[in-house]
Structure formats: C-alpha cells, structure tokens
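Here are a few exercises to help you find your way around a new structure. Take each task in turn, try it on screen, and then read the solution step by step.

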6 protein chains.
Amino acid sequence: DFLHALEEVKPLFGAAEEELGQRVRGGIIHFSPFINDILEEARLFINQVRKGSTPVLSVALHGPPGSGKTALAAKMAMDSEFPFIKLVSPEDMVGFSEMQKVQQLDKIFRDAYKSTLSIIVIDNIELLVDWVPIGPRFSNSVLVALKVLLAKPPPKDRRLLIFATTTERSVLTQLDLFSRFDADIAVPNVNSQPELAQVLQQSGAFSDRDQQRAIGEIQEITGSSDVGVGIKKILTAIETAKEDQDVPGRFARVMSSAISANRSSFT
Amino acid sequence: DFLHALEEVKPLFGAAEEELGQRVRGGIIHFSPFINDILEEARLFINQVRKGSTPVLSVALHGPPGSGKTALAAKMAMDSEFPFIKLVSPEDMVGFSEMQKVQQLDKIFRDAYKSTLSIIVIDNIELLVDWVPIGPRFSNSVLVALKVLLAKPPPKDRRLLIFATTTERSVLTQLDLFSRFDADIAVPNVNSQPELAQVLQQSGAFSDRDQQRAIGEIQEITGSSDVGVGIKKILTAIETAKEDQDVPGRFARVMSSAISANRSSFT
Amino acid sequence: DFLHALEEVKPLFGAAEEELGQRVRGGIIHFSPFINDILEEARLFINQVRKGSTPVLSVALHGPPGSGKTALAAKMAMDSEFPFIKLVSPEDMVGFSEMQKVQQLDKIFRDAYKSTLSIIVIDNIELLVDWVPIGPRFSNSVLVALKVLLAKPPPKDRRLLIFATTTERSVLTQLDLFSRFDADIAVPNVNSQPELAQVLQQSGAFSDRDQQRAIGEIQEITGSSDVGVGIKKILTAIETAKEDQDVPGRFARVMSSAISANRSSFT
Amino acid sequence: DFLHALEEVKPLFGAAEEELGQRVRGGIIHFSPFINDILEEARLFINQVRKGSTPVLSVALHGPPGSGKTALAAKMAMDSEFPFIKLVSPEDMVGFSEMQKVQQLDKIFRDAYKSTLSIIVIDNIELLVDWVPIGPRFSNSVLVALKVLLAKPPPKDRRLLIFATTTERSVLTQLDLFSRFDADIAVPNVNSQPELAQVLQQSGAFSDRDQQRAIGEIQEITGSSDVGVGIKKILTAIETAKEDQDVPGRFARVMSSAISANRSSFT
Amino acid sequence: DFLHALEEVKPLFGAAEEELGQRVRGGIIHFSPFINDILEEARLFINQVRKGSTPVLSVALHGPPGSGKTALAAKMAMDSEFPFIKLVSPEDMVGFSEMQKVQQLDKIFRDAYKSTLSIIVIDNIELLVDWVPIGPRFSNSVLVALKVLLAKPPPKDRRLLIFATTTERSVLTQLDLFSRFDADIAVPNVNSQPELAQVLQQSGAFSDRDQQRAIGEIQEITGSSDVGVGIKKILTAIETAKEDQDVPGRFARVMSSAISANRSSFT
Amino acid sequence: DFLHALEEVKPLFGAAEEELGQRVRGGIIHFSPFINDILEEARLFINQVRKGSTPVLSVALHGPPGSGKTALAAKMAMDSEFPFIKLVSPEDMVGFSEMQKVQQLDKIFRDAYKSTLSIIVIDNIELLVDWVPIGPRFSNSVLVALKVLLAKPPPKDRRLLIFATTTERSVLTQLDLFSRFDADIAVPNVNSQPELAQVLQQSGAFSDRDQQRAIGEIQEITGSSDVGVGIKKILTAIETAKEDQDVPGRFARVMSSAISANRSSFT
Ligand SMILES: Nc1ncnc2c1ncn2[C@@H]1O[C@H](COP(=O)(O)OP(=O)(O)OP(=O)(O)O)[C@@H](O)[C@H]1O
Ligand SMILES: Nc1ncnc2c1ncn2[C@@H]1O[C@H](COP(=O)(O)OP(=O)(O)OP(=O)(O)O)[C@@H](O)[C@H]1O
Ligand SMILES: Nc1ncnc2c1ncn2[C@@H]1O[C@H](COP(=O)(O)OP(=O)(O)OP(=O)(O)O)[C@@H](O)[C@H]1O
Ligand SMILES: Nc1ncnc2c1ncn2[C@@H]1O[C@H](COP(=O)(O)OP(=O)(O)OP(=O)(O)O)[C@@H](O)[C@H]1O
Ligand SMILES: Nc1ncnc2c1ncn2[C@@H]1O[C@H](COP(=O)(O)OP(=O)(O)OP(=O)(O)O)[C@@H](O)[C@H]1O
Ligand SMILES: Nc1ncnc2c1ncn2[C@@H]1O[C@H](COP(=O)(O)OP(=O)(O)OP(=O)(O)O)[C@@H](O)[C@H]1O
Ligand SMILES: [Mg+2]
Ligand SMILES: [Mg+2]
Ligand SMILES: [Mg+2]
Ligand SMILES: [Mg+2]
Ligand SMILES: [Mg+2]
Ligand SMILES: [Mg+2]
C-alpha cells in the first residue's frame, strides 16, 4: 500500500517540477543580500520538518506586488528535494465553485499526507479566498478551510511544510489567517538605485552609460532616489524599452510612472 | 495535434475579423494628434510580445463614454495580424450565469494559448463584471477570474497580448484590478472647437458656414468654448441633425445638452 | 431564410398592434401644445433610423406616474409603421426568474434583428429591473443586460429604435442607465387650470358650469391654482365622480386629495 | 369556451363565499357612523367598475391591528354580488417559495380575467410580501409582482376591482406600493367611551351597571377617557372576562393593558 | 371521517405526553406564590377556549433563561386534558431547511385542526426563527409563517390554544411578533433569599445549617442579598456541589458566579 | 437492541482513542499548578454526570491560541473512561455544506444517546460555525443547531457530558452561545519566566546556561519579564531553534517576536 501511494505521488511531483520551473524562468537575481537571507531561512524550516519533530509547519511569504514571492517560494520548494511538492494556484481553480475549491484543497492535503515529506505551495492566498477590497468580499468557506487545514495534524510519521504567498498581509491579519502561520518571511521590492543598477547590469540590455542615464532620468522625473518597484515590473519594463529607439529614455519613463503609481497607492 | 489546433483557431479569427470590423465601421477620424500617438504606442506593445521575451502583456484602454475605446482597440488588434484574435464582449454573454461567464473566459484564454501569438480584446470590462454603482455590486467570481487570468503564465512558446477597454478606471482601481495591467492608454474626448471642426469637416454634412454657425451657437448656449464630448455621441448627433430642417441649429442644441449633461455628471 | 424570418416577424407585429392599441384606448387628449411637440420629436428619431445611417438609437420617455408615457410610446410606435414592433412589459414577465427575464430580453432583441426596421418599446423599465427604493434593491442581471443590449450593434443592414418609459429618471441615473440612452423626452403632468379644463371638456361628463365649479372648488380646497396630476388619474377621477350624485363636488374632492398627495411626496 | 370559463369560476366563488363568511363571523357592529360611510364609499367603487368605464380599480383598506379591515373587505366583496370573488390570504401560502407566491398571484389574476366582473381581496398585503421591520426585509419578487398586477390592463370587456388590507400604510408607502392604489379607505379603532359602550351593549355580556363600572375603571387605570383599541381585541377581551368571577373588573384590566401597550408602541 | 381523524390524533397525544413529561421531570417547586398565579391564569385561557366563543387564542410565556418557562407550559398543557397536545421544539427540527420548518409548522397546525380542542406548545420561539443577535439574523420565512399561523382562523367547530415560550421578549417585539399574541405571562427568576431557601429545602441536599451558610456566603461574595437566577441553573448547581467535599461552599461559589454573570449581562 | 447499540458504539470509541491520543502527543507539561486544578475541576463534572442526577452537562474550555485547550480536553475525555467518546473537529468537516455539518452534529449527538455515559468534545467551536471577524460572518444554521443540541434533554437513562474548546470567548458571548454552557474553564498561556523555564527544562534541548541566556535575551529584546505565549508555539520554537547553530539565540528571537505579536494584537 505504501508502494502504491508512492506511485500516486511521483507523477504529481513530475508535473509540479515543470510548473514550479515556469515560475523561476526569469531567474533569481541577487540584487540585494536579503535574497540570500531569505533562502537561508527557508532552508532552516525545511530541515526542521525533515528532522521530524514538527509534524506540520507553515510559512507565509508576504511582500508588494511583483516582488518575487512566487519565484522564491518555487525555488525553495524545488531546492528541498522533498518527494512530494504541489503548487496550489488560483489559476488552476478558475471557474470552480467555493465548494469545489475547498474539496480540491482538501484533496491536495490528503495527497500530501501520502508522502513522508511534503511541501505545499499556496500561491496568492488572497485570490484563492476570492478577496475583493470592496465590501469587503471573500469566500468564507475557502478561508475557513485554509484555517482548518493549516492546523490539521498529519497522520503518524508524515511531515508537511506549507509555503503561502500573499501581497495582502494586512488582509490576512484582518481575516485572522496571518497569525495561524508558524512563521513569516518578508520579500522586499527593489528599493535603492544600487539595487536597480544591479538588475540592469544583469539584464544585459544597457550599456554602462545608458544605465547611468536611465537611473539619472528616473531621479529627475520622480524627484527622489527611492525606487520601490517589484523586480517583475522592472524586468517587463526593460523588455518594453528594448522596442523603443530610445531604450534608456523609455525605461526611465515607464519606471517613473510605476514609482509614482506605487507612491500614490500607499498614501 | 498542432495542425488540428491551428484549424480550430482559424475560423475563430475569421469570425473575429468581421466582429472587429463592425466596431470601426464609423472609421477612425484623426481629430487630434493624440489618435496617432495612441496607435503608435500600441504597436510598441505588439512588437514586444511578438519578439517573445514577454510571454504575457496586458494593456488597459480607459476613457470617457463614447470616446472611441472599442474602435481603437479593434483597430490595434486587426493591424497586428496576429494569427489569433478574439473580442470578448459582454454582449455575447447576456443571460450567462457568473459561472458560465468565468468558464467562457477560461475557455477563451485556453483557446488563445493554442496559437503562438494571440490577442484578446476584453470590451467594457466593468460590464463584464456586472458593475453597478449602487451598493456597489459586481460579480466577484468574474472579477477574481479576470485577475487570475491576467497574471497566468502562458504555456511554453506561447505569447499573449490583452487589450481591455473601460469607462471606469477608478472603479477598476477600487476593485484592485487596474494595477494588474502592465500598461494603460488614455483615450480622450473631442475637447476643443478645432477638434470638433475637424470632425464636422469629415462628416460632409456641414457647409463651412453651417459648421461655424453650429460651433458658435454651442459656445453661446453653453457659455464656454470647451467641448468634452465623445466622438460617438457627436457622430450620432450629426445624423439626428440631418433629419431636421435646421441642421446646424439642431446639432448645436443636441451638442449643448450633451455638454451640459457631461459637466453636471462630473461636478 | 429571409422569407422565413419575415413570417416569424409578422404574427409578432399582429399581436403587438392589439397590445399597443390597448394602451391608447383612453385616446390622446391634446390638453397642451407639448403633446404635439413630443410626437414631432419622436418622428425625427424614427426618420433618422429609417434612413439607415444610425444602426441603433434609444430614447427614454420619462415623467410622473400616470402622465401618459406608455400611451405616447405606443402611439409613436404604431405611427412609425415599422415592420417589427414589440412591447416589452413587466406584466408579461410576472413570475420569471432574473435569468428568464434576461433571456426573454435577449430573445426579443434577436427577434428584432430579423427585421430591417424594428421598434422595441420597453415599458416601466424600473419595474423590469425589480427596483424597490428600500435597500435599494434591483435585479443586477437585468440591469446589466439592458445596458449591454442598448449598446449592442445590430447585424449589417438592420436598424433598431428603442423607446423606454420610466417614472424614475433619477433612479436610472443612479443606476448609470439613463446616460446610455441616445436621447430623452420629458412627458408632463396636467399642470394648469386651462389644461385641466381642456381635459374635462373632452370628457363630456361636465356641463360648462359644473366644470367651473369643480375647478373652483379644487382651488379653494388646495389653496392654489396649480394642478400637477397625471392625465390617467384625472380620467379615473372623472369616472368615480360620475357615480356620485354630486359629480363636480366628488371630482373636486378626489382631485384635491390627489394634488395634496403629490405635493407631500415631492417635499 | 366562455361557458367553460364560467364553470371554472363558479366553484371558486362557492368556496370564496364560505371563506369570506368566516371573516365576518363576529358580525359588523355599527359602533360609529364611520362604519356606514366606509361601506357606502365601497359601493361607489363597485358601481364604477360595474358600469365598465374603468377596467381596473384598486382600493387599499388601512388601519390599526384588529380594527376590522378584513371583516369589512369581506363584507364589501360579498355585498357586490360580482360573479367572481377571490380572497387572497397569506394563510393559504404558508410554505410557498417566493416564486410560488408570485405564480399563485398571477394565476388568481388570470382566473379573475375569465369573468366579466371580478373582485380580488388581498388580505394583509404586508405579510404577503414577507415584510419584517428588522433589516427591513421583504420579498422583492412578490412586491414587484403586486405592483405590476395592480396596473395590468384586463382583457377587453373584463373589469376587475381589487381590495387590499394592511396595518402598514407607511410601509407600503416606503415600498412605493401605496400610491399605486387608485383609492384608499381608512378603518378606525374603537376610539371613544361611547363607541366602546356601543360594543359592550351589543355583546350582551354586561349589565348596564357592569358596563359603566368597566368603563369607569378603565379611565381610572389609564388616566384618560381615550380608548384606541381595535374591535377584534375588544371582542376577545369580553370572552376572557366572561371566564372570570369578576367580569367587568377583568375586562377593565385586560383593556387597560391593551390601551397602554398601544400607546407605548406609538410614542 | 371524524373517527378517522380522532385515530390520527390519539397517538400524537400519546407521544406528546411522554415528551411533555420529560420537561417537568425536575418537578414544579412552589418557591413563590407567583407560580400558583401563573398556573391559575393559564386555566382561565384554557376554559375560554373550551367554552368555544374564541376559536383561537395565543399566549406567550416569557422570562429569563432557565426560569422554568418550558416546564410550566408543559404542565399547563398536560393539565388541560385537551384531546390534542403537541410540543413544537427547535430540537426536533435540527437540520431542517427554512422551508421544511415552515412546512412542519403548517402540518402541525393542520393536525391540530383535526381535533375539536387542541393545544400547541411552541418552545423557544426565538430559536425556531434562528434568531442570532449579530446582524441580526433570523429566518424570515419561519417568522412570517408563525405570524400568519397565529392569526389563522380554525375551521368551523375547532378551537386552538397556543402557548409559546421565549427568553427574548424584546426580540419578539422588534420582530413585530410579540403583539400578535392575545395574552402574555411573565415567568420570574428565583429572586430573593427566602425563595432560594425554599428551593434548597426541597432539594434535600442541605442541612439547615449548610443552607444558611451557603446563602450567607453568596451574600458575602456578591455583596448583595439579591439572587436573580433561574431555577434550572440552581438545580444544576446543587448537583455539582454534591460532588464536592464542601457542598455549601462549592454551591455558594457556583451561584455567585452565576449571579455576577447575570448582572454584567444586564448592564 | 441494546447490545447492537453497544456494538455500534465500541468501534467509534476505538477510533476516538487514536484521534484523541494524537492531540496529546506533545504530552502535558505541568508548567504551573493551574494545570492540575483544571484537570481536577474536569473530574468533578465527570463524576456529576456519572452519578446520573444531571442528564446533560456542557463545559467550555477557553483560552488564547495554542494554550493547550485541545490537548487538555482530549486528556480529560480519555481519563473519564466513559464508554462513548467522540471528538468533533472542523477538520473532519472541510468541504461540508452548512446542512451537512448540522446533520453530522445531529448524528453525533444521536450516536451519543445510544450509550449510557457519553462525552462529546467539540473542538474549535468558532471554526465549526465558520466564524470570520470581517462582517462578521458565521454559519447561522450551525450556530443554532449547537444552541439547540446543547440544551436538548437526552432520552431516559442516558447521560451526556460536552466539552467544547474555543479561542474566541467574546465571540461566543456575542453569538449568545457562551452563556448556554453550564460551566467554563479558562486555559492560561505560559505567562512568567519561571513557567517558561519549567517548559525549557522538560524539553531537554537547553543546558542550564543556555536556558538562562535565552530567557535573559528575551527580557532584553522585549523589555519586560512577561511572557504570555501559548505552550504550543513555545514547543515549535524550540524545534526551530534546534536547527540553528545558536540555539538559545534563535529561540530568544523567535519567542520575542511571538511576544510582540501577541501584545500588539491585544492593544
Ligand atoms: N531576486 C529575485 N526574487 C524573485 N524573483 C526574481 C528575482 N530576480 C528575478 N526574479 C524574477 O522576477 C519575477 C518575479 O515574479 P513573481 O511572479 O515571482 O513575483 P510575485 O511577487 O509572485 O508577483 P505577484 O505579486 O504578482 O504574485 C520572476 O520572473 C523571477 O524569475
Ligand atoms: N478617432 C477615433 N477614435 C475612435 N473612434 C472613432 C474615431 N473617429 C471616429 N470614430 C468612430 O467613433 C465611434 C466610437 O465608438 P466606440 O464604441 O468605439 O466608443 P467607446 O469609447 O468604445 O464607447 P463606449 O464608452 O460606449 O464603450 C466608432 O463608430 C468609431 O468608428
Ligand atoms: N395627451 C395624452 N397623453 C397620454 N395619454 C393620454 C393623453 N390623453 C389621454 N391619455 C390617456 O391617459 C392614459 C395615460 O395612461 P398611461 O398608462 O399611458 O400613463 P403612464 O404615464 O404610462 O402611467 P404609469 O406611470 O402608471 O406607467 C391612457 O389611458 C391614455 O389613453
Ligand atoms: N364594525 C366592525 N368592523 C369590522 N369588524 C367588526 C365590526 N364589528 C365587529 N367586527 C368583528 O371584529 C372582528 C374584526 O377582525 P378583523 O380580522 O376583520 O380585523 P383586522 O383589522 O383585519 O385585523 P388584523 O389587523 O389582525 O388583520 C371580526 O370578527 C368582525 O366580525
Ligand atoms: N416553579 C418551577 N417552575 C418551573 N420549573 C421548575 C419549577 N420548579 C422546578 N422546576 C424545574 O426547573 C427546570 C426549569 O427548566 P426549564 O427548561 O423549564 O426552564 P426554561 O425557562 O424553559 O429554560 P430555557 O430558558 O433554557 O428554555 C425544570 O427541570 C423544572 O422541572
Ligand atoms: N500543560 C499543557 N497543557 C496543554 N498542552 C500541553 C501542555 N503541555 C504540553 N502541551 C502540548 O502543547 C500542545 C498544545 O496544543 P493544543 O493544540 O492543545 O493547543 P490549543 O490551545 O488547542 O491550540 P489552538 O488554539 O490552536 O486550538 C500539545 O501538543 C500538547 O501536547
Ligand atoms: Mg506571485
Ligand atoms: Mg466601447
Ligand atoms: Mg406606463
Ligand atoms: Mg385582517
Ligand atoms: Mg425552555
Ligand atoms: Mg485547539
């Protein structure tokens, strides 16, 4: 019966590997020492679960939109080499009823319990609960199911590590979900000019002079040396800029408007 | 299997061409240089996606009612010559349940992923989510589905460009949907007397004197030289005026009341 | 197929003629020159659509309860002699679910597109959307369906004119529905003593002296020469009065209480 | 077909007669001249409809709880001798879904249209729409159905008179239902000591002295000569008092507590 | 047919007797003269219905939690010796949908009408309507059904007496349900030390000295000679105390905390 | 039939034993004399029910998150050696509809009534009613079912003891559920440094010096000697710390952040 369970698990992992790989396609740029610290801390939790004294451990990755939460969670999961890894994403539940979502979550946890060591990555947990700020509205059933599943003791000799990502830490707090995680990791934006320079460097799309010009123009337009934009938006902006005749100019304009948008949304 | 997929896609495009054509039946009048800028910017995004470095890119066209958002989005899509183009319009979902809408959207995205290069035009996104200002009310399921689909990574070697139109930028912001677009384009009203003159000129319904008289009377009635009316309403007003014995007089009255209505709705 | 479509359409019109006729059974009394202006303006819109340059045109008739909106809309539609005319009334949808209403509306529009020239009269649009001021409550689905159908472009070579009646202009404005009509026509109450005299004259129930006495008593009771009552209530009051021994006295009392009721509901 | 319709109608009336009779089992005590005025006014409306110039007429009977609205409406309907009379009561729809209620109402109106002269008595209209003051809550579908049915023109040569009873005039006004009635009749409480004496007289349960003692004690306990209690409660209080050794004393106590309860609920 | 009806009724009563008996298992302790007054008043109503002049009569028993409402209502019903008695309790409807509850209530009333003399005891009416103070929430359908059924006239020659119990008099008032009862009876707590002594006496668990010590300690702890606790809680507290080595001490502590809890919940 | 019932019950208990055992896997550390008091009080209630004078008794265990409520309730139930014990946990109802939950609860109580002596442990009662603070939202049906089941008298000769755990005492009070329990037991956090030292001692992971260093650093970081953290979080923190090179340092940091989080959530 154990062998049979293993068989059921393997193909799941095969599919997961491809799915997880897709999330780190843009690579992990070490634009700040924090990136390393984050990956180190994750290794600690992985070892704690591997040792077996803690049957279930849950970790929330939270940070601004596009800061790289999903990519980092995928990387952590892949590096663990646990036999069962599953990415739970709202994308795979488009068109599901609340009940179907809950049943799917329940099934994923029951699948995980078939393996001795499992990781479940729950992506965009606020979308999974259909959170919309107006109202506010959200799926009560999915929320309660998540609360219950996070705390559920696995069967004997089974260990489960849960990573969840969210842009809405304060929402999860209001929903009384955040404090149910055993630990949390903050994922930062690209915040300073040196960090931004690091990213541009590695993109290979800018000469040293273009890089300086772009950063200078951004400072001029926004009137500040603060950046505060997610790595994802920066990588997309680089690609848009490449289509323009004036690459650094276009990059500066796109970045500046992203910086302003972020600022206004936080004040 | 790829050939089969192509076959499925072709007729979709055939139908789309006719549907899209219908939206630009009134032509594109270049009443201001902005019209050209808008079309240029769209070409940039189309090329970025064509090049392949950005697997999915989404652009929101926003502007006042009747300003020409749908016509422009249709024009952009047709000019791209991408093999798959699909117009998603609330008109085609009248009588659908929330779930059916979500499933239809999901299907359209899955269809798009069958082609290497695809464009989806989502028209009137605020009606698609059943937005009504009283309450406010809207379809949570459709909204969350849109959020999720906008961010979903396409399969390997597939690229997707999304254009969405809306009169309700601030609503989308409140719903935390607007910031999920990678870029946005503002579509303006016909705002000044020279722009209005340009439109009347091209309509062929006014002699030079009638044109001047009409514009003069509008200024007299509204007490201002500001216009601020969408191109769509202007074109309809021209047709109504043509039925009257006094074409410029009727046109001036209809336009004046449209101008007043817009003003009062914005203060 | 076209012939077949025509066949489908004809009986619809036959039935419509009887239904529409029923709404003008009380006749159209020209108690004010405005009545003629209203009918003239409607002819303008009918011609605009007939000419074919405007594929779809929508007109809202709004005014106080019982002011004659339905009778006027029915008259306009019958006078157009368009091959397809359909009255959409909440009466025909009692007991329909929201979805059934939406599907019925969708069907009516699709039927209309089978004819080259069509008129749809949507009666009491605020009841069609189940509007109730407490809450407020209304059918979101029906409202959104109406918004979408009003803007939907008909197929090639088909023209559609839509008349809609409502006592709740401000409600439609709040629901963001009113501004979606291409034009609107205000239908007035019987507002002055001469207008009321005109109506009494044509009813044949009053001698000249009785008419004067009735109007005089109304002024005495209400303390004002303002009337402000819908033609429908006046015609009913005449019939009630006829059952009383003192016809003008009873008429004056009924009218006075109607006048007071209207006043208090507007302050 | 007409004969067949008549056949369908007759048994309905037979049943109605018994049902209506049950509502006036307590008789109609003429404790005030108003009772006669009310019955007279009803006869006027009955004749108006009988004459045929007004195809549909609706009358609302409103007044405090237990004031005799249902008994009076039943009496009016029975006295009309119209061929079709139907009592619509929430009692007959216990356990119906909203849709079933609406369909039942629709059926009753369609049945009524089969007869040339019909009366529908709608009892306790606020309960029919499931009105509850907390929230407030009510059945939107039933409310809208009632609005629509009240205004629906009957088929050719058919006349319909509608009586509706309610304790909640202000609720119906808030729901925008009250003004849709063509006329309204106020039903009063037993308000003064002479009126109360009249009732006691006719009950036969009190000697002249007991009657005086009872009324005197009520005045003493409540500290006022105002009564303000519905005839229904008074008739029940008489029966309870009869079981007591001290009939007038018990009657005075029960009445006094009813009078206080009414007062506190109105301030 | 009448005989058949009787047969249907008998077993119902048989079951009811057992069910009702269970509710007075704790006996009726006459800790105050009010208990007798309450039972006397009930006999009055029973006789009024038995005599036949009042076809339907409804009485609400209201009082604080555990004050003995259910036990008293059961006692009254059993003492009446009416041929049909039915206890309606939320316990028997756990897991019922709103509609099923309404249908069950409707059935019980229809069953009662089969007997000439019937009593229905509706227990915990606020739970029957699913009342929850937050929101507040409650079952509209069940509430309206109760209103309607309370007022429904029984068929000819049938008499119905309804007893209903509730801890939430003010809630019933807000729901506009309380005033629909023909009469009401207040059930008191054990409020004074002599009343409490009476209860302890009859429990047989306390020597005279222990009784005095317990009451003394309660006064010391709570700082007052007021009691204000329901008989039900007192009887349970006696049983808990019996398990302790120090019976009067434990009893005093449990009672004191109950007294404090009640006080804080009322201020 | 009784034998058959016993058979049904036994396997239930077998399963329960394993389930309950899982909840006390972390053992019961006597870090404070209160732990013993709690277990003593529970024994009192168990005896009261065993004796048979109180047919149903309900006890609420309330305390902060992770304070050990579930473990203690499980321990109490296992120690009772009652023939029927059932743990009701939200985990076992993930994906159940409200109705299914209610029916499951109803079934569990009916199962319990088959045994002479039964214990039902209802874990996390606020999650069972789907409580979410935003709104707030909760399952009305489950809440009312619980209220009703808590008060339901068991059949003759059957005794039932109910333990329920909750972190949300004030929520249960708002929902008018808390006062329906016959008794309540407060479960405390680890609140002082000596209590914490006791826990660290028993974990075996710290040398005496490390223990002192850890406690000292916590006081330094948090600026206070108060602890106020649940035993569950402390045990997990010990396991995380064990993975770090600097065990006491990591433990101090994790504990300090837990202490701060608790403080901020309570002010
Ligand atoms: N240091 C980094 N950390 C994370 N992602 C990085 C890093 N460097 C480059 N990337 C790339 O940036 C992208 C980050 O996108 P990702 O979807 O993970 O962000 P996110 O925070 O999950 O966004 P969202 O808020 O939309 O869910 C990925 O394509 C990833 O490969
Ligand atoms: N410069 C222009 N830009 C856009 N549309 C134009 C322009 N010139 C003429 N048109 C015509 O004006 C009309 C614009 O209508 P369209 O439906 O596209 O507006 P819209 O902004 O989408 O309206 P709505 O807010 O109702 O969705 C079309 O018929 C189009 O052919
Ligand atoms: N000048 C007029 N305009 C409209 N109706 C008139 C006129 N003269 C007489 N009538 C008669 O008055 C009645 C008007 O009633 P109608 O139902 O059309 O009013 P309405 O405004 O639609 O009422 P409601 O607000 O209830 O929908 C009809 O019977 C119509 O024949
Ligand atoms: N003058 C009267 N008018 C009406 N009813 C009378 C009169 N005199 C005696 N009655 C009797 O009084 C009772 C009135 O009760 P009825 O149910 O009609 O009151 P109601 O106003 O409809 O009550 P509710 O507000 O509960 O619906 C009936 O039994 C009726 O026979
Ligand atoms: N004088 C009394 N009146 C009522 N009950 C008494 C009296 N004396 C003893 N009892 C016993 O006290 C208990 C009262 O409990 P009962 O369930 O009737 O209270 P209740 O008010 O209905 O409670 P709840 O508010 O929970 O519904 C019963 O066991 C009953 O036998
Ligand atoms: N004195 C104690 N009391 C309770 N649990 C203890 C004690 N000592 C050690 N433990 C262990 O601590 C853990 C307490 O966790 P438990 O799940 O019972 O807490 P809880 O209060 O129910 O948490 P939650 O609020 O999440 O429901 C268990 O693993 C238990 O074995
Ligand atoms: Mg992400
Ligand atoms: Mg558009
Ligand atoms: Mg009308
Ligand atoms: Mg009545
Ligand atoms: Mg009770
Ligand atoms: Mg617990």
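Buried area is the accessible area, taken with a 1.4 Å probe, that two parts lose on being put together, summed over both. Keep that in mind for the opening exercise, and remember that the model is predicted.

**Exercise 1. The interface of chain F and chain A**

Task: Find how much area chain F and chain A bury between them, and how many residues each chain brings to the contact.

Solution:
- Start with the area. About 2500 Å² is buried between chain F and chain A, and carbon and sulfur atoms account for 58% of it.
- Next, count the residues. Chain A supplies 37 residues to the contact, while chain F supplies 25.

**Exercise 2. Charges and polar pairs across the interface**

Task: Which residue of chain A forms a salt bridge with F:Glu243, and how many salt bridges are counted between chain F and chain A?

Solution:
- Look at F:Glu243 and you will find its partner, A:Lys51. The closest N and O atoms of this pair are 2.8 Å apart, inside the 4 Å limit for a salt bridge.
- The count between the two chains is 2 salt bridges.
- Now widen the search to polar contacts: 9 residue pairs turn up across the interface, with both residues at pLDDT 80 or more.
- Which elements of chain F are involved? Helix H1 (2-23) and helix H10 (231-243) each give two or more residues to the side that touches chain A. H10(F) gives the most, with 5 residues.
- Finally, sort that side of chain F by class: 11 residues are charged, 9 are nonpolar and 5 are polar.

**Exercise 3. The surroundings of ligand 1**

Task: Describe what surrounds ligand 1, beginning with the residues that come nearest.

Solution:
- There are 20 residues around ligand 1, and the nearest are A:Gly27, A:Ile29, A:Gly68, A:Lys69 and A:Thr70.
- Check the backbone. A:Gly27 places a backbone N or O atom 2.7 Å from an oxygen atom of ligand 1.
- Turn to the side chains. An N or O atom in the side chain of A:Lys69 is 2.6 Å from an oxygen atom of the ligand, and for the side chain of A:Thr70 the distance is 2.7 Å.
- How much of the ligand is covered? On its own, ligand 1 exposes 640 Å², and the protein buries 88% of that.
- Now name the elements. In chain A, helix H3 (69-80) and helix H10 (231-242) each give two or more residues to the shell, with H3(A) giving the most at 4 residues.
- By class, the shell holds 10 nonpolar, 8 polar and 2 charged residues.

**Exercise 4. The surroundings of ligand 6**

Task: Repeat the search for ligand 6, and find which residues are closest to the ligand.

Solution:
- Ligand 6 has 20 residues around it, and F:Gly27, F:Ile29, F:Gly68, F:Lys69 and F:Thr70 are the closest.
- Two backbones are worth a look. A backbone N or O atom of F:Ile29 lies 2.7 Å from a nitrogen atom of ligand 6, and one of F:Gly26 lies 3.2 Å from an oxygen atom of the ligand.
- Add a side chain: F:Lys232 has an N or O atom 3.0 Å from an oxygen atom of ligand 6.
- Taken alone, ligand 6 exposes 630 Å², of which the protein buries 88%.
- Helix H3 (69-80) and H10 of chain F each give two or more residues to this shell, and H3(F) gives the most, with 4.

How values were computed:
Residues are numbered from 1 along each chain as its sequence is written. Chains are lettered from A and ligands numbered from 1 in the order in which they are written. This is a predicted model: local features need pLDDT of at least 70, side-chain atom pairs count only at pLDDT 80 or more; totals for chains, interfaces and linings use all residues. Side-chain values use heavy atoms; hydrogens and water are left out. A residue is near a molecule or strand if one of its heavy atoms lies within 4 Å of it. A polar contact is a pair of N or O atoms within 3.5 Å; within protein, one must be able to donate a hydrogen and the other to accept it, and residues adjacent in sequence count only if both atoms are side-chain atoms. Accessible areas come from the Shrake-Rupley method with a 1.4 Å probe; for residues, only the protein chains shown count as cover. Ala, Val, Leu, Ile, Met, Phe, Trp, Tyr, Cys and Pro count as nonpolar, Asp, Glu, Lys and Arg as charged, and the others, Gly among them, as polar. Contact means heavy atoms within 4.5 Å. A salt bridge is a side-chain nitrogen of Lys or Arg within 4 Å of a carboxyl oxygen of Asp or Glu.
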